[in-house]
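Q: Could you take me closely through the ligand site and the loops and helices that go with it? I would like one connected walk through it, with the numbers along the way.

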Amino acid sequence: MINKLIRKIFGMGSDTRAADKPVTLNSAQHGIDPRLVSNSAIRVVRILHNAGYKAFIVGGAVRDLLLGLKPKDFDVATDATPEQVKRLFRRAFVIGRRFQIVHVLLGQELIEVTTFRGSSTKPALKDDAGRLLRDNSFGTQEEDAARRDFTINAMYYNPANQLLLDYHGGMNDLRNRTLKIIGDPEQRYREDPVRMLRIVRFAAKLGFSIDPATRAPIASLAPLINNVPSARLFDEMLKLLMSGHAMSCLKELRTRGLHKGLLPLLDVALEQPQAAHFIELALDKTDQRIRENRRISPGFLFATLLWTQVEEKWEHYRAQGEHPIPALVAAAGDILETQTEKLAIQRRIASDMKDIWLMQPRLERRTGKSAYRLLENERFRAAYDFLLIRCEAGELDPEVGQWWTAFIDASGDERQQMIAEQVKRLSASSSGKKRAKRSRRRKTGTNPATVPLPTTEDIQP
Ligand code: ATP
Ligand code: MG
């Protein structure tokens, strides 16, 4: 009791147990614009209400609504069990093992419906470090609120009466732009170390500061990230990179010492100015695309993050006398292997990354049928965008990028002429002009790994 009082007075985070009484705010007090609420989410809530269950919009959607943002997806929490929810909807699927949730599909929209979870004080299956392994006990709404990660993520909005229930002072923290974990920070990170990554993402994305008590244990608990299954880490990493604030997320990860367990080679890359510059450029472009609601391929993202490592290895193999293409194949294989130890990069994504990398020398060469075949390759666009970043980063003559930009829009005749000119240029440079080429390379600082290569026409990536 005294502890609770002291915590309250000094604002040292909320009590570990469920807060009994939420603060209720009406629409004038919380200011949510009902037009930003998805009709599908409203329908799901209404159907649950009509069947006699409690149901609210929760989590990130409420947080975004309070910030005046249009949520990208909606979660609903209810006291109906997953089976009871499933019965109410035609297209509903129970998914998940650690957390069972129901995916309700209405038209194009997917609403995630979760049943209120039980208190974390109930016995649960944990690993040696305190990480929760199974977590499917249902509970009251109060307990559900206490199980959520941050105070700003533990508010419940009822679109039917437009009331907002705030269990852990989330509204206040939101106004103060502060991220505060619910309960004892150390225990909550031990239960689920991914919460440390989530807080970094929210801090970067929302521009919020992290409450000192919430921040304090992260430095010493960061290695717990290594216990998290790699597939989950990969998902979280992707969310970080696709948050529209990728670079600030990476910076925040580094500041908090959380980057080590994620992309082992990225750690080294960010220490090197040239690699850091390339990554920064690539991530800036990614952020821009995401803000414009344009598609981003995860393969492209990871290909940019690891490119400088691939280049280094590539040079290493070439210096050992390997031919350029097999050297690049070996380098790409090495880097992917090292990464997948920690991060389960799905096979499809890894294959996209490899294609983007292996298309680079072919894009540089631009001769014969190869140029046309590249245009038809389903990965062309990604490989071309990648090439443009290399040009912008100064590792490649900008002329190569400009050539492709012109080639894409050129007519059939113009294309032929462009290729003929390129063939002429290549043969001129390879017939007795090696010395001139070497000195030019030295002058422009061009990476020897990126000059035009011997014929690659028959080598498909
Ligand atoms: P976004 O959708 O923008 O990533 P979000 O907060 O909605 O943010 P979700 O992963 O969709 O994130 O989770 C929905 C809600 O579930 C969260 O707001 C939070 O209340 C709860 N939650 C999610 N992950 C955790 C976790 N690891 N520990 C505790 N609660 C969590
Ligand atoms: Mg969400």
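**A close look at the ligand site**

A: Happy to! Let's begin with a side-chain pair: T151 and D173 make a polar contact through their side chains, at 2.6 Å. Please keep in mind that this is a predicted model. T151 belongs to the loop that runs between α6 (141-147) and β9 (155-158). With a relative accessible area of 0%, T151 falls under the 20% limit and therefore counts as buried.

Now to the ligand itself. There are 18 residues around ligand 1, and the closest of them are R63, R148, D192, R195 and R201. Three polar approaches are worth looking at one by one. R148 places a polar side-chain atom 3.0 Å from an oxygen atom of ligand 1. R201 also uses a polar side-chain atom, which lies 2.8 Å from an oxygen atom of the ligand. For N153, by contrast, the atom concerned is a backbone N or O, and it sits 3.0 Å from an oxygen atom of ligand 1. As for cover, ligand 1 on its own has 580 Å² of accessible area, and the protein covers 85% of that.

Which elements build the shell? Three helices, α4 (60-66), α9 (194-206) and α12 (230-241), each contribute at least two residues. The largest share belongs to α9, which provides five residues. In chemical terms, the shell is made up of 14 charged residues, three polar ones and one nonpolar one. You can also see the site in terms of domains: domain 1 (1-183) and domain 2 (186-262) both give residues to the shell, so ligand 1 lies between them.

The record adds some annotation here. Under "active site", UniProt lists D73, D75 and D149, in an unreviewed entry. Taking D75 from that list, you will find it in strand β3, which spans residues 74-78. D75 counts as partly exposed because its relative accessible area of 23% falls between the 20% and 50% limits.

Back in the backbone, two residues deserve a second glance for their phi angles. Q162 has a positive phi of about 60°, although it is not a glycine. This residue sits in the loop that joins β9 to β10 (163-166), and its relative accessible area of 26% makes it partly exposed. R177 is the other case: here phi is positive too, at about 50°, and again the residue is not a glycine. You will find R177 in the loop between α7 (170-175) and β11 (178-179). Its relative accessibility is 41%, so R177 is partly exposed as well.

One last stop takes us further along the chain, to V329. This valine lies in helix α17, residues 324-340, and is partly exposed at a relative accessible area of 36%. V329 and D355 are 26 residues apart along the chain, and their C-alpha atoms are separated by 9.9 Å.

To gather the picture of the site: ligand 1 lies between domain 1 and domain 2, with 85% of its own accessible area covered by the protein and with 14 charged residues in its shell.

Technical notes: Residues are numbered from 1 along each chain as its sequence is written. Chains are lettered from A and ligands numbered from 1 in the order in which they are written. This is a predicted model: local features need pLDDT of at least 70, side-chain atom pairs count only at pLDDT 80 or more; totals for chains, interfaces and linings use all residues. Side-chain values use heavy atoms; hydrogens and water are left out. Helices (H or I, at least four residues) and strands (E, at least two) are DSSP runs, numbered from the N terminus. Buried means under 20% relative accessible area, exposed over 50%, partly exposed in between (1.4 Å probe, protein chains only). A polar contact is a pair of N or O atoms within 3.5 Å; within protein, one must be able to donate a hydrogen and the other to accept it, and residues adjacent in sequence count only if both atoms are side-chain atoms. A residue is near a molecule or strand if one of its heavy atoms lies within 4 Å of it. Accessible areas come from the Shrake-Rupley method with a 1.4 Å probe; for residues, only the protein chains shown count as cover. Ala, Val, Leu, Ile, Met, Phe, Trp, Tyr, Cys and Pro count as nonpolar, Asp, Glu, Lys and Arg as charged, and the others, Gly among them, as polar. Domain bounds come from an automatic or database domain assignment. UniProt positions are given in the numbering used here, feature names are shortened, and annotations may be inferred rather than shown by experiment.
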